[in-house]
Amino acid sequence: MTTAHDAGTETAPVPTQSTYQNRVADYWNAEENPVNLELGRIDDLYHHHYGVGEADWSVLDEPDARARRERVTAELHRLEHAQAELLAAHLGRLTPLDRVFDAGCGRGGGSVVANLRYGCHADGVTISAKQAAFANEQARKRGIDGKVRYHHRNMLDTGLESGAYAASWNNESTMYVELDLLFAEHARLLRRGGRYVVVTGCYNDTYGRASREVSLINAHYICDIHPRSAYFRALARNRLVPVHVEDLTAAAVPYWELRGQADHLVTGIEETFLNAYRNGSFQYLLIAADRI
């Protein structure tokens, strides 16, 4: 029988995709944003998410322009890596024999973090063929390609082995899919008692409908941000019971404030994120849930 780690990217094409999913794939196949690539080149850990924690503001006082750029880039990468480590810390008690699933893995940084932390096997899935190839090459260079592999597949229908995974996660990728379809796939892949973790931006529906800022973020990333309440309803419908919920909104603000002053990395969406966080219409959450 073919297992998850026997099935490579070359033998399992992405299932049929909707027009929207094809647009998302095209976006990430073409994406070459310095805010992702320059940060990842520091230590070959490429994260496609934002950072948390207090920033070292002294980097802005660097008088030499080139050194300032390097220090700001390194500090943003440190904050992003802190977010990846925070997520990994909530995956539960894992061993080197366990398998974990990284849904919407991007260029693969999260799977590497989990492997380095626990020694576990990891399967990452991305809708972008370019990202999957890049991530597999990074795993090969690190010498961990025997345990960490990336697949060009749809995270709603992975074809991976049912009940084979001790933990799984989405790191800022749930806004591209229907939550019930996504959580159903995680519930299928996880063994009983397995842990699912999601870090995501969501709009605060106690304020009503999505704010103007949330609409601008959706347009910028070609995504559809879900209301906060939708996560808990969909988790419950798919046998995933929250055991830890953490509001990371305040912890995310320093990252965006620093990025807004990084002239070489700004994308134009920084002030929108800050306004959304500050007016309460948008939140940054971590939810850990156990599969029953």
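This is a short tour of a predicted model, going from one selection to the next.

**Stop 1: helix α3 and His77**

Start by selecting residues 65-89, which make up helix α3. His77 is part of this helix. Is His77 buried or exposed? With a relative accessibility of 5%, His77 counts as buried. If you like to check distances in your viewer, try His77 and Val59: they are 18 residues apart along the chain, and their C-alpha atoms are separated by 13 Å.

**Stop 2: where α3 meets α4**

Keep α3 on screen and add α4, residues 109-118. The axes of these two helices, α3 and α4, come within 10 Å and cross at roughly 60°. That angle makes α3 oblique to α4, and the crossing is right-handed. To see the contact itself, show side chains for His81, Ala84, Glu85, Ala88 and Ala89 on α3, and for Val113, Arg117 and Tyr118 on α4. Colour them by class and you get five nonpolar, one polar and two charged residues.

**Stop 3: Gly119, just past α4**

Now step into the loop between α4 and β2 (121-126), where you'll find Gly119. Gly119 counts as partly exposed, because its relative accessibility is 22%. Which residues does Gly119 touch, not counting those up to four places away in sequence? They are Pro96, Ala114 and Lys147. For another distance, pick Ile144: 25 residues along the chain from Gly119, with 9.7 Å between the two C-alpha atoms.

**Stop 4: two loop residues with positive phi**

Before you select anything here, a bit of background: most residues other than glycine have a negative phi. Go to Glu172, in the loop between β4 (165-171) and α6. Glu172 isn't a glycine, yet its phi is positive, near 60°. Glu172 is also buried, at a relative accessible area of 10%.

Next, jump to Ile222, in the loop between α7 and α8. Ile222 has a positive phi too, about 55°, although it is not a glycine. At a relative accessible area of 22%, Ile222 is partly exposed.

**Stop 5: helix α8 and its two sides**

Select residues 228-237 to bring up helix α8. Which residues of α8 are buried? Ala230, Tyr231, Ala234 and Leu235. Turn the view until you look down the axis of α8: these buried residues fall within an arc of 130°, so they line one face of the helix. The pattern has a simple background, since an α-helix has 3.6 residues a turn, so residues three or four places apart point the same way.

Switch on the surroundings to see what covers that buried side: the cover includes α6 (179-189), β5 (190-203), β6 (240-247) and β7 (282-291). Then spin α8 around. The face turned away from the buried side carries the exposed residues Ala236 and Arg237.

While you're here, select Phe232, also in α8. Phe232 counts as partly exposed, with 30% relative accessibility. Leaving aside neighbours within four places in sequence, Phe232 is in contact with Pro242, Val245 and Ile287. For a longer jump, show Thr19: Phe232 and Thr19 are 213 residues apart in sequence and 28 Å apart in space, C-alpha to C-alpha. Just after α8 comes Arg239, with a positive phi of about 60°.

**Stop 6: α10 and its partners**

Finish with helix α10, residues 270-279, and put α9, residues 249-259, beside it. These two helices pack at an angle of about 155°, with their axes 9 Å apart, which means α9 is roughly antiparallel to α10. Their crossing is left-handed. Show Thr249, Ala252, Val253, Trp256, Glu257 and Arg259 on α9, then Glu270, Phe273, Leu274, Tyr277 and Arg278 on α10, to see the contact. By class, that contact holds six nonpolar, one polar and four charged residues.

Now swap α9 for α7, residues 212-221. The axes of α7 and α10 come within 9 Å and cross at roughly 145°, again in a left-handed crossing. Here the contact is made by Glu213, Leu216, Ile217 and Tyr221 of α7 with Thr272, Phe273, Asn275, Ala276 and Asn279 of α10. They divide into five nonpolar, three polar and one charged. To end the tour, click on Phe273 of α10, listed in the contact with α9 and in the contact with α7.

Conventions
Residues numbered from 1 in each chain as written. Predicted model: local features only at pLDDT ≥ 70, side-chain atom pairs only at ≥ 80, totals over all residues. Heavy atoms only, no water. Axes fitted to C-alpha atoms, helices over the stretch in contact; angles between N-to-C directions. Helix = DSSP H or I, 4+ residues; strand = E, 2+ residues; numbered from the N terminus. Parallel < 35°, antiparallel > 145°, perpendicular 65-115°, else oblique. Left-handed = near helix turned anticlockwise from the far one by under 90°. Contact = heavy atoms within 4.5 Å. Nonpolar A, V, L, I, M, F, W, Y, C, P; charged D, E, K, R; others polar. Buried < 20%, exposed > 50% of the residue type's maximum accessible area, 1.4 Å probe, protein only. Arc of directions from axis to C-beta.
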